[in-house]
Amino acid sequence: MTNDIRRPTRAEIDLGNLEHNFKSIRSFVGTDAKFLAVVKANAYGHGAVECSRVLEREGADYLGVAIPEEGLELRAAGISLPILCLGGVWPGQEESLLVNRIIPVLFDRDSALRLNHAAGRLGLTATAHVKIDTGMGRLGVPCGESAEFARFLRGLPHLRIDGLMSHFAAADDPNESDFTHEQIARFQDALHVFSACGHDISIFDLANSPGAVCYPESRKAMVRIGGILYGLGGDVLPQSVPQPEIRPVMSVVSDISLLKWVPPDTSIGYSRTFRASRESLIASIPIGYNDGVPRALSNCGQVVIRGKRAPIVGRVSMDWITVDVTEIEGVSVRDNVYLIGPERSPGISAVEIAAKVGTISYEVTCGIGSRVPRIFLMRSPRE
Ligand SMILES: *Cc1c(COP(=O)(O)O)cnc(C)c1O
C-alpha cells in the first residue's frame, strides 16, 4: 500500500474560500485594528499550517495558537508571522518559546518569573502579553488585581509587556450586551492601570468573532478572529446584526463502498435501532464516529449523494455509517457522499449538524478526526 492510495474519506479544505473570508472580514472590521487570525486546534480542524500560509500571504498581522506546541509546528513549517500563544506557557517550555519567537500570554506570577528567568539565561528580553479577566472567569488576572500585577511585572528586568488582552464571555448573546459593555469598560481601566505603571502597551485586544462583528467599539488595537474565518459561526453570531459575507471552508466527503437491497423488516446496524419498512437500498460509507461523525446522528443525520439528501439509518459506528439510498436515482458504488457540504444547495453545513446534536459548529469541524486526510483546494470548484 502506498500513501496516495487510501480510503476515499477526506476533508476538502477550500483555501480560496478561506482567502475570501479573510478579505471579507478584514473589510468589514476595517484596517484600523490589527488582525490576529486564530489557528488553534489545527485551525479548527482545517489544517493549521496550510491555513496559516494563506493567512500570512493575505496580510494577517498575527496568528493565535492555544498551546506552545501548535506555535512550534507553525515555526517548523516556516511561518514567520508573530505568533501569540493564547493559553500561556507550561513549566519547561519557556526556552523553546523564546527561541522560536512565540509570544506567551501571562496571567500568573509563576509563569512570569519563569519566563523572566529563561530570558535572562538566554541573554534576551522576552516580549509577552498579559491577559486580564474582565468577566470570562477562566484565564486572566482578576481585573481588580491589575495594578498589583502590573507593578510586579515592572520588577522583572528581562520581560517587556507590550500587549494586554481579555476575552468575552457572551459577545454572541444580545441579551448579555450590558455585561459585554461592562467587560469593555473593565478592560479600558486595566489598560490605563498598565500604562500608568509604565508599561508601553501597543497591542490591546479583546474582540473574538462575535465581539468584532457585533461590538465595533471592542475592536481596539487588534481583533482575534477564529470561527468566521472558516465560515463557521452562523450559530455563534446573532442573526439580527449586519455581518460579513462568509463561505464554508471545509467539506467532508467519502464515497459508497457497498450497496445492497434488503427486504422489508431487515434491521441495520448495532442494537438494531433501524428496521427497513420496505425493500430498501442500503449504502455503507467508510466514515464513522472516529472520523468525527457524531454518534448522535444515528437515525437522524443526512448525507448528500447526487445532489440529493439521504438519511443515515441505524447507528453511526466507529468506522462506518449506513444510508438509505432507495430514493437516489442512478446511485452507484463509488458515488461521492457529502457529510458536510457541498457548498451549493442542498448542502449540509456544520451549523446544521451542530444544531442536531446540541453543540456549536466549531466542535463539529474540530472533531473531524486525525485519520481523515485534509485535501487542500486552491480554487473553489464553483464556477
Ligand atoms: C479561540 C479564541 C478566540 C477566537 O474566538 P472565535 O469565536 O473563534 O473568533 C479569540 N480569543 C481567544 C482568547 C480564544 O481562545
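## An exposed glycine and the extent of the chain

In this predicted model, G155 sits in the loop that runs between helix 7 (146–154) and strand 8 (159–165). Its relative accessibility is 55%, and because exposed means over 50%, G155 counts as exposed. From G155 to V316 the separation is 161 residues in sequence, and in space the two C-alpha atoms are 57 Å apart.

That distance can be read beside the dimensions of the whole chain, whose C-alpha atoms fill a box of roughly 80 × 50 × 45 Å when taken along the principal axes. The chain contains 11 helices and 20 strands, and of its 383 residues 52% count as buried.

## A buried glutamine in helix 8

Q183 belongs to helix 8, which covers residues 177–196. With a relative accessible area of 0%, Q183 is buried, since the limit for that class is under 20%. The side chain of Q183 has a polar partner in the backbone oxygen of H167, which it reaches at 2.9 Å.

## The ligand and its shell

The shell around the ligand comprises 15 residues, of which K40, Y44, S209, G227 and Y362 come nearest. Sorted by residue class, this shell divides into seven nonpolar, five polar and three charged residues. Three elements each supply at least two residues of the shell, namely helix 2 (40–44), helix 9 (209–214) and strand 10 (222–225).

Polar contacts can be listed for both oxygen and nitrogen atoms of the ligand. For K40, a polar side-chain atom lies 2.7 Å from an oxygen atom of the ligand, and for S209 a polar side-chain atom lies 2.5 Å from an oxygen atom of the ligand. In the case of R224, an N or O atom in the side chain is 2.9 Å from a nitrogen atom of the ligand. Taken alone the ligand exposes 390 Å², and the protein buries 92% of that area.

## Backbone features: positive phi and cis peptide bonds

Helix 2, which contributes to the ligand shell, also contains N42. The phi angle of N42 is near 55°, a positive value in a residue other than glycine. At 33% relative accessibility N42 counts as partly exposed, because this value falls between the 20% limit for buried and the 50% limit for exposed. A positive phi is also found at D265, where the angle is about 75° although the residue is not a glycine; D265 is located in the loop between strand 12 (258–262) and strand 13 (267–268).

Two cis peptide bonds involve prolines of the loop between strand 19 (336–340) and helix 10. One joins G341 and P342, with omega about -10°, and P342 lies in that loop. Another joins S345 and P346, with omega about 5°, and P346 is likewise found in the loop between strand 19 and helix 10.

## Internal cavities

Rolling a probe the size of a water molecule over the atoms shows where empty space is left. In this structure there are two cavities of 30 Å³ or more. The largest holds about 70 Å³ of space, and its lining is formed by V252, I287, G292, V293, P294, L297, L339, I340, I353, V364 and I368. Which residue classes make up this lining? Ten of the residues are nonpolar and one is polar, while no charged residue takes part.

The second largest cavity has a volume of about 60 Å³ and is lined by L297, G301, Q302, L339, I348, E352, I353 and K356. Helix 10 (residues 350–357) provides the largest share of this lining, with three residues. By class, the lining of the second largest cavity divides into four nonpolar, two polar and two charged residues, whereas the lining of the largest cavity has no charged residue. L297, L339 and I353 appear in the linings of both cavities.

Technical notes. Residues numbered from 1 in each chain as written. Heavy atoms only, no water. 1 Å grid on protein atoms, 1.4 Å probe; cavity = no way out; pocket = protein on both sides within 12 Å on 5 of 7 lines; lining within 4 Å. Points joined across faces, edges and corners; volume = space filled by probe spheres on them. Nonpolar A, V, L, I, M, F, W, Y, C, P; charged D, E, K, R; others polar. Helix = DSSP H or I, 4+ residues; strand = E, 2+ residues; numbered from the N terminus. Near = heavy atom within 4 Å. Polar contact = N/O pair within 3.5 Å; in protein donor to acceptor, adjacent residues only side chain to side chain. Areas by Shrake-Rupley, 256 points an atom, 1.4 Å probe, with all protein chains shown as cover. Buried < 20%, exposed > 50% of the residue type's maximum accessible area, 1.4 Å probe, protein only.
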